[in-house]
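User: Got a minute to walk me through this one?
Analyst: Sure, pull it up and ask away.
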Amino acid sequence: MIRVQRKSVWLVCLASAALWALSALPALGAGDEALEQHLAALYEGNLLPNPDFEEADPELSNRPLGWSGTYNLLDFNQPIWDDEIALSGSRSLRMAAPMMTEASWQSEKVPVKPDTTYRFTGYVRTQGLEQEKARFVGTFLVQAYSGDRMLFPRPTQAGASLEGTNDWTRVEFTFKTPRNADSIQVIAALSFSGRAKGNVWFDAVKLEEVTGE
Ligand SMILES: [Ca+2]
C-alpha cells in the first residue's frame with residue numbers, strides 16, 4: 001500500500017515537472033541553433049536589401065526599404081509592414097487576404113552572376129492559410145532576369161508551400177542562375193500561380209552565393 005502511494009507521489013511529481021517545463025518553454029529562437037546562427041550572420045554576404053525588414057524607405061516612411069507588396073482592390077488583400085509580430089527585431093512583412101487572391105511581396109532586383117549557385121534562406125509564419133489550385137502558397141520563390149526579361153523557368157526556384165496555421169518555419173533552398181541571368185528577385189508569396197486566403201508573415205531573409213561547398 002505504501003509502495004503504491006509512493007509511486008503515485010512520483011507520478012504527480014513527474015506530471016508537475018512536465019507541466020513546469022511546458023510553461024517555461026524558452027522564447028522562439030532560444031535554443032534553435034540554426035536560427036540563432038542565421039540571425040547572427042544575417043548581414044554577412046547577404047545580397048538582399050533590408051533583410052530583416054526593420055528599415056523604412058526614406059521616401060515613404062510607412063513602407064519597408066527595398067520591398068513592395070501587391071494590392072488588389074477587388075480582393076481586399078493588404079500588404080502590411082507588421083510591427084506586432086516579428087521573428088527578428090520588431091518588424092516583419094505580412095500579407096492579409098480575407099478573400100481568395102494572388103498576392104506577394106517582392107524584393108528589388110539584386111545583381112547576380114550567371115551560371116552560379118546561390119542559397120536562399122528565410123522564415124514564414126501562417127495563420128488559416130487556404131489555397132485554391134495554387135502552385136505555391138506561404139513560401140518564398142526566386143525569379144531570375146536578364147535585364148527586364150523574366151527568364152525561364154518561372155519561377156527559377158521555390159521553397160516548400162505552407163498551408164493552415166504554422167509558427168515560424170525555415171524555408172531554405174539552393175539554385176543555379178541561368179546562363180544569361182544578371183539579376184534575381186525574391187518573392188515572398190501568399191500565393192503564386194493560383195489563389196489563397198489567410199495571413200502570412202515573412203522575416204529574416206538571406207540570399208548568398210554558395211562558394212567552396
Ligand atoms: Ca524583423
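Analyst: Here is a quick chat about the core, the sheet and some odd backbone spots, bearing in mind that this is a predicted model.

User: OK, how many residues are in the largest nonpolar core?
Analyst: That core has 39 residues, and Val 186 and Leu 190 have the most contacts inside it. Strands 3, 6, 7, 10, 11 and 12 each supply at least two of its residues. The largest share, seven residues, comes from strand 12.

User: What does Leu 190 contact, apart from its neighbours within four places in sequence?
Analyst: Its partners include Met 95, Ala 97, Val 137 and Val 200.

User: Switching to the open sheet of five strands, what's the order?
Analyst: The order is 2-3-12-6-10, with antiparallel pairing. Strand 2 (78-82) and strand 10 each have a single partner strand, so one side of each lacks a neighbour in the sheet. On average, neighbouring strands are turned by 25 degrees against each other, direction ignored.

User: And how many bridges join strand 2 to strand 3?
Analyst: Five. Asp 82, for instance, has Ser 92 in strand 3 as its bridge partner.

User: Now the backbone: which residue in strand 12 has a positive phi, and is that residue buried or exposed?
Analyst: Ala 204, in strand 12, has a phi of about 55 degrees. Ala 204 counts as buried because it has 22 C-beta neighbours inside 10 Å. Asp 115 also has a positive phi, near 50 degrees, but with 10 such neighbours it counts as exposed.

User: Which peptide bond before Pro 153 is cis?
Analyst: The one from Phe 152, with omega near -5 degrees. The bond from Arg 154 to Pro 155 is cis too, with omega near 0 degrees. Pro 153 is in the loop between strand 8 and strand 9, and Pro 155 is found in the loop between those strands as well.

Definitions and conventions. Residues numbered from 1 in each chain as written. Predicted model: local features only at pLDDT ≥ 70, side-chain atom pairs only at ≥ 80, totals over all residues. Core = buried A, V, L, I, M, F, W, Y, C linked by C-beta atoms within 7 Å. Buried ≥ 20, exposed ≤ 12 C-beta atoms within 10 Å, placed from the backbone. Helix = DSSP H or I, 4+ residues; strand = E, 2+ residues; numbered from the N terminus. Contact = placed C-beta atoms within 7 Å. Pairing = 2+ DSSP bridges. Axes fitted to C-alpha atoms, helices over the stretch in contact; angles between N-to-C directions.
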